[in-house]
Amino acid sequence: MELKGFKTDTIIEPFRIRSVEPIRFTTMEQRKALLSEAGYNPFLLKAKDVVIDLLTDSGTGAMSAKQWAGMISSDESYAGSESFYRFESAVQDITGFKHVIPTHQGRAAENILFTTIAKKGDVIPSNTHFDTTRAHVEHNGAEALDLVIDEGRQPLTIHPFKGNMNVEKLEGTIKRVGQDNIPVIMLTLTNNSGGGQPVSMENVKAVSKIARSHDIPFFIDACRFAENSWFIKTREEGYEDKKPIEIAHEIFSYADGCTMSAKKDGMANIGGFLALNNDKLAQDCRSLTILTEGFPTYGGMAGYDMEAVATGLYEALDEGYLKYRIRSTAYLGDKLIDAGISIVQPTGGHAVYIDAKEMLPQIDPLEYPAWSLTNALYLIGGVRAVEIGSVMFGLQPDGSEKPASMELVRLAIPRRVYTQSHIDYLAEVVIHAYNQRNELKGYKIISSPAVLRHFSAKLQPLDQ
Ligand code: F0G
């Protein structure tokens, strides 16, 4: 008997599921009432009332048996715990940075960094600042400047690295505002607010060169560094034979530090860190850490959280995992494209971003087309997504409103949580909404806070 083996390029979930959570199904009538009670804001829904929860890929992943094992055997000492040293050595091994300051999540690292280095009148360029990053920059009186390449603002334009920064604009900004008014240059990997799009190694290198020639620190917002490394491996010449961890090493070698939310490519439910090389800056940041987070060998984390991250960072860099991760997001993207739906292309790493401006031309940007589609997905199929459009970004520091550059609905995929049949269901819900797109109406904001308004604003449909 001469048998042939099954093809080796098949991509299936590279894990078995040994612990499950129930999903509760609701009717459309129930969801209508629930959404109205939540002020038409999906952030205010109860998770138990959601069928497929794609609000975020942050802290929502499933942990491995190895991570749980580490958690059970953690060291919870206040100072100098074994768990801290394991965490520190994993971060140092992957990033190469000398100082590692644990924080309870990414925004705490941002708070510490920007409070320490930014002041009123400063400008902080990035490809695109994530909303919490922007809020921390602005909270310290500085300006958060987005310098992503033009292709990064055009959902349908295909480009392998739409997260790249426009380096001519960066040079121009340094000339215009002066290097003394730029305390740090940031690059967000992958560019979450711009569609989960990667940044090329060439661009990381170019930004680093400019930063170094002007003596400006260069920091990476590293939340999805492993996914970005995979895109470099598969899309950038010269990296196809490199391991994701080798690519990550090279990325970090061009930077002076990073902020990290370990809730993404740390594969943990909570945690983060600030890592950097400069001794004086590290000392200042540690002082603030003690005030706002905790003693520097635990920051905002329990010992077991640090264990989960120490193991998770390596799992996120596993080739089999990354291949499945990026392919499963593209699988959803392909289904929507085949149905004629405009999404940010190519499909991003952690999420599919639907172009609501293109889908709903009848809704004015300041009547929030992406918000309208997000709510329709919940009403139709109990799917919770998130608006990345004018509700999130439209409010200006002076209180006025300006349409965001894109109106996107993000379907963020939690890590190792949903199976292919969940994703098939989800695609059907989105297509069902698309087929009824002419019925969708805009929204108005009834009440909202002064910052980060999308988290808690109350809205009302315009046809009510
Ligand atoms: N930077 C980026 C690029 C992010 O995507 C996030 C969080 C943060 C910083 C802040 O990290 O949540 O740990 O404080 N993004 C989540 C999201 C919330 O849904 O995209 P955090």
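A salt bridge is counted here where a side-chain nitrogen of Lys or Arg lies within 4 Å of a carboxyl oxygen of Asp or Glu. The views show a predicted model, in which local features need pLDDT of at least 70 and side-chain atom pairs count only at pLDDT 80 or more, while totals for chains, interfaces and linings use all residues. Residues are numbered from 1 along each chain as its sequence is written, and side-chain values use heavy atoms, with hydrogens and water left out.

**View 1. The two domains and the area between them.** Domain 1 (28-57 + 320-461) and domain 2 (65-315) follow the domain assignment of the protein, such bounds being taken from an automatic or database assignment. Their C-alpha centres lie 26 Å apart, and the contact (heavy atoms within 4.5 Å) takes 31 residues from domain 1 and 31 residues from domain 2. About 2,600 Å² is buried between domain 1 and domain 2, with 62% of this area given by carbon and sulfur atoms; buried area is the accessible area (1.4 Å probe) that two parts lose on being put together, summed over both.

**View 2. Polar links across the domain interface.** Between domain 1 and domain 2 there are five salt bridges. Arg415 forms a salt bridge with Glu227, and the closest N and O atoms of this pair are 3.3 Å apart. The count of residue pairs in polar contact between the two domains is 17, with both residues at pLDDT 80 or more; a polar contact is a pair of N or O atoms within 3.5 Å, where, within protein, one must be able to donate a hydrogen and the other to accept it, and residues adjacent in sequence count only if both atoms are side-chain atoms.

**View 3. The ligand and its surroundings.** The ligand is surrounded by 17 residues, of which the closest are Thr56, Arg107, Asp221, Ser261 and Lys264, a residue being included if one of its heavy atoms lies within 4 Å. A nitrogen atom of the ligand is 2.6 Å from an N or O atom in the side chain of Asp221, and a polar side-chain atom of Lys264 lies 3.0 Å from a nitrogen atom of the ligand. An oxygen atom of the ligand is 3.0 Å from an N or O atom in the side chain of Arg224.

**View 4. Backbone geometry at two peptide bonds.** Most peptide bonds are trans. The bond from Leu189 to Thr190, however, is cis, with omega near -20°, and the bond from Gln345 to Pro346 is also cis, with omega near -10°.
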